[in-house]
Amino acid sequence: MRKLGAAAARAGGELLRPLSGRPTAGSLAGDALLWAALCVPAVMPLVVAADTGGSGAITPLQAVLACTLLAAAVALGRPYPVAAGVLGVGVVAVNPAGAPALIVLSYLAGRRDPRVWPAAAALGAVALGAVVFSLGSAEQLFALPGLYITIVFVIVLPWMVGVFRRQRRRLADSGWELARRLEREQEIAADQARLRERARIAQDMHDSLGHELSLIALRAGALELAPDLAEHHRAAAAGVRERATAATDRLREIVGVLREADAAAPTAPADEEIAAVVERAREAGVQVVLERRGTWEGLPPMVDRAAYRVVQEGLTNATRHAPGAPVRVLLERGPAGTVAAVRNAAPPRGAVPSRGAPGGRAGGHPAPGGHGLIGLAERVRLAGGVLEAGEDGGGFAVTARFPAKGAAPASAPAASPTSAADRHLRAEHRRLRWRTARMVLAAGALAVVGMALGVAGTFVRMDSATLDPADYRALRVGAPAEEVAAELPWQEYDSAAADDGSALARRLDCRYYRSHHGFLSGGFTVYRLCFDDGVLAAKDALPELGEPPA
């Protein structure tokens, strides 16, 4: 019981919590315009009556009350939209011409309030209130199905449309926010990959230049000890040895700063040839073929090292994402430039890519935008070339093209599209479509149930107002009203009373009944029984007030 009370207190506190902050001048102006627009249909019957000189369907007091309630509803529309919708029900109760205002307020409740349960509770309260209000009158009870159908179309459906618009707006906002975040993360990852590749270049430079500097220091040391050199020559050789040694130490310090703290020690020897990389892959079981075209001699060191990295990264990707697939390595140097390419075919059926493969996809292809390819593209760009990577005949190809002569480094690659954001948006769209379909199905189900209730209520109403022709013929004029009432149905056919303008109907207490039960088949006669001074004074069959047989 205590928990129930606490839950009720929390629900009450949440209901009292306003959804919007302090109103702005713009929102106040918009609300004023909305109030004026909603008041137009509420006062329109009064204006029409004044223009035509008629009595009008509403009184001035009803119009004033409706506009007053609308002012309160519009004022509460932003902080308490569901309460504004309930006030809209009150507007219709006071003035039926205010139904358009109820549609608008229901739409705004769904558009502004992200909570479902307050609206459901309010709708249930309205439905229950209609039942309680109708308990005192059989006529109003029979009108309940029609009232519920009206509630579906005037309240439920506009509220659903508002909910759909709100969810669609939230979807768009969240999708763009995710896209911006992923874009920032992608840019950071790309920058990190480029920095790692530059650090790797520094390591390569250390391995190659350090080796050369060591050789210089060694040769200078030999000259320093040569007995046939003059003293000043040995001193010069000693100076060269000291400077070479200092340069080697400084290079090591610089590379140590560039190298990441958790970077693994290089396992490949410095200045390893591409053929050696291919041979090591072949020894590891990879079906790799190396094809050379043109001479590789005299190639700039930066291009040579970049081509080496292309082959190394391409073979790594092939073994990770397409195990068992044959690989072809192409090294081509011609007048137009130098090409280093690694192409792997589609993996054999049943082959399982490495679980540690980043961005692995079906078909053995690495996902675009991988960090290895980003770093590789940076390496190729710094060497003046361009890197291409993508699907190729069911497999995957990595191709680096370098110009024949030193060209300006290519511009930095554009940021890759945020494919994760696209996937997120597609998933959100699917969820939105599913929610919309559920709302439409729910509204359709409510409409069908309401229509079924309406048809059933109409049938019961007509059936309860039907007097069997044999019973009608058995009624005797002059019989006491109590005796006649025992033979009559418990409902009357009120529609005929409104159509009967005879003098007898105006003079006596007349009651009307249908002659047949099957109202769907059509064709019935209206029986009129008129009472005077406690007896049945007249009985008449009025086929003109009924319907002819179909």
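# Exercises on a predicted protein chain

The protein chain exposes about 31200 Å², of which carbon and sulfur atoms supply 62%; such areas come from the Shrake-Rupley method with a 1.4 Å probe, and for residues only the protein chains shown count as cover. The model is predicted, so local features need pLDDT of at least 70 and side-chain atom pairs count only at pLDDT 80 or more, while totals for chains, interfaces and linings use all residues. Residues are numbered from 1 along each chain as its sequence is written, and side-chain values use heavy atoms, with hydrogens and water left out.

**Exercise 1.** State how many helices and strands the protein chain has, and what share of its residues is buried.

*Solution.* Step one: helices (H or I, at least four residues) and strands (E, at least two) are DSSP runs numbered from the N terminus. The protein chain has 17 helices and eight strands. Step two: buried means under 20% relative accessible area, exposed over 50%, and partly exposed in between (1.4 Å probe, protein chains only). Of the 550 residues, 35% are buried.

**Exercise 2.** Describe the largest nonpolar core and the surroundings of Val-310.

*Solution.* Step one: a nonpolar core is a set of buried Ala, Val, Leu, Ile, Met, Phe, Trp, Tyr and Cys residues joined through side-chain atoms within 4.5 Å. The largest one holds 31 residues, and those touching the most other members are Ile-274, Val-288, Val-310, Val-311, Leu-315 and Leu-387. Step two: at least two residues of this core come from each of α10 (274–283), α11 (301–321), β2, β3 (337–344), α12 (371–382) and β5 (395–403). Helix α11 gives the most, with eight residues. Step three: contact means heavy atoms within 4.5 Å. Leaving aside neighbours within four places in sequence, Val-310 is in contact with Ala-340, Val-342, Leu-376, Val-380, Leu-387, Val-398 and Ala-400. In soluble globular proteins, nonpolar side chains tend to be buried together.

**Exercise 3.** Find the parts of the chain that the salt bridge between Glu-291 and Arg-328 ties together.

*Solution.* Step one: a salt bridge is a side-chain nitrogen of Lys or Arg within 4 Å of a carboxyl oxygen of Asp or Glu. By this rule the count is 16. Step two: the closest N and O atoms of Glu-291 and Arg-328 are 2.9 Å apart. Because Glu-291 lies in strand β1 (residues 288–293) and Arg-328 in strand β2 (residues 327–334), the pair ties together parts that are 37 residues apart in sequence. Step three: Glu-291 is partly exposed at 24% relative accessibility, and Arg-328 is partly exposed at 31%. Salt bridges with shared partners join Glu-291, Arg-293, Arg-328 and Glu-332 into one network.

**Exercise 4.** Give the sequence spacing of two salt bridges formed within helices, Asp-173 with Arg-169 and Glu-231 with Arg-234.

*Solution.* Step one: the N to O distance between Asp-173 and Arg-169 is 3.5 Å. These two residues are four apart in helix α8 (residues 144–224), so about one helical turn separates them. Asp-173 is partly exposed, at 41% relative accessible area. Step two: Glu-231 and Arg-234 meet at 2.5 Å, N to O. Both lie in helix α9 (residues 231–258), three residues apart, about one turn of the helix. Glu-231 is exposed, with a relative accessible area of 56%.

**Exercise 5.** Locate Ala-275 and list what it touches.

*Solution.* Step one: Ala-275 lies in helix α10 and is partly exposed at 34% relative accessibility. Step two: not counting residues up to four places away in sequence, Ala-275 touches Leu-290 and Arg-292.
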